[in-house]
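Dear colleague,

I am handing over the structure we discussed, with the sequence alongside. Please look through it first, and then read the notes underneath.

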Amino acid sequence: MQDSNNILKEVTAGEYKYGFVSNIETETIHRGLDEETVRIISAKKNEPEWLLEFRLKAYRHWLTMEQPDWAHLNIPPIDYQDIIYYAAPKAKDKPKSLDEVDPELLKTFDKLGIPLEEQKVLSGMAVDAVMDSVSVKTTFKESLAEKGIIFCSFSEAVQHYPDLVQKYLGKVVNYRDNFFAALNSAVFSDGSFVYIPKGVRCPMELSTYFRINTANTGQFERTLIVADDDAYVSYLEGCTAPMRDDNQLHAAIVEIIANERAEVKYSTVQNWYPGDKNGKGGIYNFVTKRGLCKGDHSKISWTQVETGSAITWKYPSCILAGDNSVGEFYSVAVTNNYQQADTGTKMIHIGRNTRSTIVSKGISAGHSQNSYRGLVKISPQAEGARNHSQCDSLLLSQTCGAHTFPYTDIQNETAVIEHEATTSKISEEQLFYCQQRGISTEEAVGLIVNGYAREVMNKLPMEFAVEAQKLLNISLEGSVG
Amino acid sequence: MMLEIKNLHASINGKEILKGINLSVKEGEVHAIMGPNGSGKSTLSSVLVGNPAFTVTEGEVTFNGKNLLELSAEDRSREGLFLSFQYPVEIPGVSMVNFMRAAVNAHRQYKGLPAVSATDFLKMMREKRAIVELDNKLASRSVNEGFSGGEKKRNEIFQMAMLEPKLSILDETDSGLDIDALRIVANGVNKLKTPENAAIVITHYQRLLDYIKPDVVHVLYKGRIVKTAGPELALELEEKGYDWIKREMGD
């Protein structure tokens, strides 16, 4: 039983509590994007020639593209030449042990509740911490290696496992895929790399914690997860950023590959700085996440709790290529004040007897706009495909907007597709009923919202569920009454 | 005196419903408030518990020496005022266990007590639901969702048992109940009765008062208490209806 009451009580101030700036010496490169920028990034990372070529191809392709404008978002013009594309905490060499890591950096992650000292981690979660453009420290690397599991920063993977990286990079999300994917492919800085070998069940949750610290920088991380035949891994991603008046760009790519009978569970608690009450500042979150169920009976499951960012543009998707493969998408998206979110999923059914489930819970408050956008595509050869979609919207104010854009493209008549959608509000009667029992309005909203989102929250790993529940309450403070 | 209402006037959307209520309730007493439809019975209970839909335009209410009208709805609850709703609202997704835990701990915090432990809380839930014969599925069910009419009312009395209020207002708790449910609900209320607490029972009909014995019976008519007497008044109303009251009032 979860102690919602205590959780709620801990939440006292409605402020974004991760908004501090760390005083860490940072190395940055010049503003703006040109071929030189791409070459500098690649050189700083001591990359092989093929990767530089990959970046340059992506960059040249990006030049031919336009920023997409089909989403239900009002995106102010972004000056791509005014962004710093690489920033890294200064360090002489890659630290070999925790003692060599800048204590300010350790303090930062400690403040965020991410302990990097392994003896402090009780829950048995391995963490890769990424500050600005660089991975700071990956915990439990050695004990995972005993099982043949590779969990390291993307840059390290390029150095130590170039063949694996080259084999899978860009295979799920091509650099031509979209504007932001092309941009990321050109300038991506760091991120996490996971490889689970055949038949291995990863014994602990793998987690990456992303932190933007330096002003005027963009964060372009790249995550690649490969689960080989019969492998299993559960992966978590968390993110925060300081409060700043300027908008900052975040354009990440996550690629997942699940081979025969492999299963990957990917959970995100996205809490980038959302901007202030008047909509000033905040992160622009333009992310491409896609998983390929390559093998038969493979499964990829996305769970996301999206509470942060000024603008979110994100559609974690599954390509169900293997026969009997399964794709899942569970989402809670909260928007408050002037936040905008256009998020959802794509389920592309290609193999036979493929199944997908979509559960989307949108919660809108203040003057925010919250859209679900989803595509269920059944290819001609996808015999016996099934999809169930459920899209619910909860409105907490008169001035917010909730929108649903479900698309279906069915080219095989054996498909069974179900779609349910609801829109609801928290009624005055519900709030008063809670108050009459002694529960304050704020707490009542928290209870009702968490109840509404329960189906998705239950999918999160325990360690994250409590955090996410708190986050929901913080995000909505002051939104009712 | 536990509750003292003096010259209470209240309105909704500019329409005056209560037109000068005077009522005093002592510890250990059960008061019945009867009256025809539209006389202001439910408005009185709503105003006492601080329903924001109503506006108090005149008068005073003290509850255990405190100015009740100055308190927020949640603080009135924490001070020991409980309403058994006529139409309990459904709250989908919120389990009874989470809901009650939030309520009980809010009350405890108000009194400066630490939050109740999970074990003690579940034990308490078990004991109290037995009073109204609710089964162990209650804890995991969402608040009032999919409850039958009788279950909703039993759930109200269960919550009353959990919160141990000083003054309980039962707003037409008998409406929509069959005779078995009525007996369970009334027995529950009687079991919770102590010399230190009090109850106001709002009802149309005598039948609830066969089970819950009132000390005082009031008749509310057109926003005023027009008659106050002992339990025999309820029997008289049952026999003669409300017409004679109306005639007495010159209508």
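What follows is a short account of chain B, of one of its helices, and of the contact with chain A.

Please keep in mind throughout that this is a predicted model. Chain B contains nine helices and twelve strands, and since its radius of gyration of 18 Å is close to the 18 Å that the globule rule gives for 251 residues, it is as compact as a globular protein of that length. Along the principal axes, its C-alpha atoms fill a box of roughly 60 × 40 × 35 Å, and buried residues account for 45% of the 251 residues in the chain.

Within chain B, I looked at helix 8, residues 232-240, whose buried residues are Leu233(B), Ala234(B) and Leu237(B). Viewed down the helix axis, these buried residues fall within an arc of 100°, so they line one face of helix 8 of chain B. Their cover includes strand 3 (30-34), helix 7 (207-211), strand 11 (216-221) and strand 12 (224-229) of chain B, whereas the face turned away from the buried side carries the exposed residues Glu232(B), Glu239(B) and Lys240(B). Just after this helix, Gly241(B) adopts a positive phi of about 75°.

As for the contact between the chains, it takes 20 residues from chain A and 27 residues from chain B. On the side of chain A that touches chain B, helix 1 (4-10), helix 9 (428-436) and helix 10 (441-452) of chain A each supply at least two residues, and helix 9 of chain A gives the most, with six residues. The residues of that side divide into seven nonpolar, nine polar and four charged.

With best regards

Technical notes. Residues are numbered from 1 along each chain as its sequence is written. Chains are lettered from A and ligands numbered from 1 in the order in which they are written. This is a predicted model: local features need pLDDT of at least 70, side-chain atom pairs count only at pLDDT 80 or more; totals for chains, interfaces and linings use all residues. Two residues are in contact if their C-beta atoms, placed from the backbone, lie within 7 Å. Helices (H or I, at least four residues) and strands (E, at least two) are DSSP runs, numbered from the N terminus. Ala, Val, Leu, Ile, Met, Phe, Trp, Tyr, Cys and Pro count as nonpolar, Asp, Glu, Lys and Arg as charged, and the others, Gly among them, as polar. A residue is buried if 20 or more other C-beta atoms lie within 10 Å of its own, exposed if 12 or fewer, and partly exposed in between; C-beta atoms are placed from the backbone. The arc is that of the directions from the helix axis to the C-beta atoms. The radius of gyration is taken over C-alpha atoms; the globule rule is 2.2 Å times the number of residues to the power 0.38.
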